[in-house]
Amino acid sequence: MTVDPQLLNAAAVDYVNDILQMEGVALQDIANAVGTPTYAYSAASLRSQYQLLYSALGALPHRLHYAVKANSTLAVLKLFADLGAGFDIVSGGELSRVLAIGGDPAHVVFSGVGKTVAEIDFALKTGIECFNVESASELARISQRAELLGKVAPIALRINPNVDPKTHPYISTGLKENKFGILQEAALPLYQQAAADPNLNVRGVACHIGSQIHDPEPLFDALEQLLALVDELSGHGISLTDIDLGGGFGVTYEAEPAFDIEAWGEQISKTLCDRGLHLSIEPGRFLTANAGVLLTRVEYLKPAVLESGSDETVDSKNFAVVDAAMNDLLRPSLYQSWHGILPATTKTHGDPLCWDIVGPICESGDWLAKDRMLSIQEGDLLAILSAGAYGSTLSSNYNTRNRAAEVLVSGDAYKVVRRRETLQDQLSTEIS
Ligand code: LLP
C-alpha cells in the first residue's frame with residue numbers, strides 16, 4: 001500500500017518494516033496490550049515542539065504558558081513543567097491539575113470569561129502569576145475577593161483587538177462579535193481604575209485572537225495594537241511589565257502549510273527587543289496536536305449496496321464502523337476537521353476502496369473521516385493522526401461510553417498514563 005508522505009511528515013509516527021511505529025514502539029503492541037480506543041503520545045515530539053517554539057523567540061525574555069485545555073493529561077503537563085513551561089488555565093479544575101503535578105502557581109496565568117468566585121479565591125490563595133481579566137465586572141469581582149482575602153491580585157486586561165484570525169468561526173476569539181476580552185476603546189478607564197485600586201497589581205496586557213492560525217499577519221496586527229495601548233498607558237503614568245500574546249499557532253493536519261514559527265519569532269523579537277516587556281505566549285495545539293494519535297479497531301465493514309444489474313454504487317457508501325467515536329474525538333463532528341488515517345501495517349488486503357470511518361454512536365454526525373482510500377478488513381487497527389490536541393480533553397461519556405486510555409511513548413517504551421475509564425467510574429457519581 002502506498003502512503004501519502006505528507007501524512008507521515010506531520011505526524012509523530014512512521015512505518016518500520018511495514019509496521020506503524022511511534023518512536024521505537026509498534027502501535028499494534030500498544031493496542032494489543034491496552035486495548036482500543038487508546039490515545040498514544042510521543043514524548044520526543046512533545047519536547048521537540050516545545051524547544052522549537054521556545055528557541056524561535058531567541059534571547060527575548062519569555063515564557064511559554066502551555067494552554068492546559070489542549071491536552072490536560074497529567075503526564076503531558078509534567079513533561080512540559082520539566083521543560084520549564086508555565087501554564088495557561090481557564091478553570092479551577094485546570095489549576096488543580098497543574099498543582100497535582102507539582103507545577104509552580106507563580107507561572108500560571110488564568111484566562112476565561114466566566115471565572116467564578118470559588119475559582120478566583122482558589123487562584124488568589126494559590127498565588128498565581130496573573131489573572132487575564134475579560135470584563136469590567138470580573139475586574140470588580142477580583143478586587144473584592146482580593147480585599148476580602150487580604151491579597152493583592154496580579155492582573156492583565158485581555159484585549160479584544162478586533163482582528164480576523166482567518167480561522168474556523170468557532171475558534172476565532174479576537175473579533176468584536178466574539179465574547180472574549182475587553183475592547184481596546186474601553187481599556188484605558190479600566191486600567192486607570194485598576195491602577196488606583198490597592199487590591200490589584202497591574203502587570204500587563206494580554207490577547208488571544210484564535211486557534212489554528214496560519215497567517216501570522218493578524219497576530220502581528222494584534223501585537224501592534226497592544227503596543228499602542230502600552231504607550232498610551234505609559235502616557236497616563238501606568239507602566240506595564242508584561243505582554244501575553246496568547247496561542248493559536250496552526251499545525252498541519254492535511255496539507256495546510258506549517259506555521260513558519262521561525263519567521264514569526266524573528267518578527268516578534270524585532271518588534272519587542274527594545275521594549276523591556278516580558279513576553280508570554282500560550283500555545284496548546286502547536287505543542288501537542290501532531291504528537292498524538294488515536295488508535296482504533298475496525299469492528300464492522302458495511303460495504304455499499306449495489307443496484308441490482310449494475311456495478312454502480314447508488315446513494316450508498318462504504319462504511320467502516322470502528323470502536324472510537326465522536327465521544328472520543330469530537331473534532332470531525334464539531335468542526336468538520338480532517339484527520340489523517342493510517343493502518344497499523346502496510347501489509348494490505350487487496351485494492352483500496354473509498355471508506356467513511358464512522359463510530360458506533362447513534363448520530364449521523366458520528367464520523368471520524370470521510371472518503372478515504374484504504375485497504376481494510378474487520379479487526380484491523382487504524383491510527384487517527386494529529387489527535388494530541390483537543391482530543392482527549394473534548395471527550396465525553398456520550399452513549400455511556402468509557403473514556404479512552406492514554407499512553408505516553410518514550411524511546412522503546414511506553415507507559416499507560418491514564419487507565420481506561422470503567423463503568424464503575426461512571427456509575428459511581430449517581431443514585432437511582
Ligand atoms: N489561550 C487562550 C486564552 C485560549 O482560549 C486558547 C484556546 C489557547 C491559549 C490555546 O490555543 P492554541 O495554541 O491551542 O490554538 N477545540 C478547538 C480549539 C479551541 C481553542 C480554544 N482556545 C479545536 O479542537 O480546534
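Colleague: What makes the backbone N or O atom of Arg285 a polar contact of the ligand?
Modeller: This atom lies 2.8 Å from a ligand oxygen atom. A polar contact is a pair of N or O atoms within 3.5 Å, so the Arg285 pair qualifies. A polar backbone atom of Gly284 is 2.9 Å from an oxygen atom of the ligand. For a polar side-chain atom of Ser211, the distance to a ligand oxygen is 2.4 Å. The protein buries 92% of the 590 Å² that the ligand exposes alone (Shrake-Rupley method, 1.4 Å probe).

Colleague: What model is this?
Modeller: It is a predicted model: local features need pLDDT of at least 70, side-chain atom pairs 80 or more, while totals for chains, interfaces and linings use all residues. Residues are numbered from 1 along each chain as its sequence is written, and side-chain values use heavy atoms, without hydrogens or water.

Colleague: Which residues come nearest to the ligand?
Modeller: Ser211, Glu282, Arg331, Tyr335 and Tyr390, of 19 around it (a heavy atom within 4 Å). By class, the shell has six nonpolar, seven polar and six charged residues.

Colleague: Why is the ligand said to lie between domain 1 and domain 2?
Modeller: Domain 1 (5-42 + 289-427) and domain 2 (43-285) both give residues to its shell, so the ligand lies between them. These bounds come from an automatic or database domain assignment. The domain centres, over C-alpha atoms, are 33 Å apart. Domain 1 gives 29 residues to the contact and domain 2 gives 22 residues (heavy atoms within 4.5 Å).

Notes: A polar contact is a pair of N or O atoms within 3.5 Å; within protein, one must be able to donate a hydrogen and the other to accept it, and residues adjacent in sequence count only if both atoms are side-chain atoms. Ala, Val, Leu, Ile, Met, Phe, Trp, Tyr, Cys and Pro count as nonpolar, Asp, Glu, Lys and Arg as charged, and the others, Gly among them, as polar.
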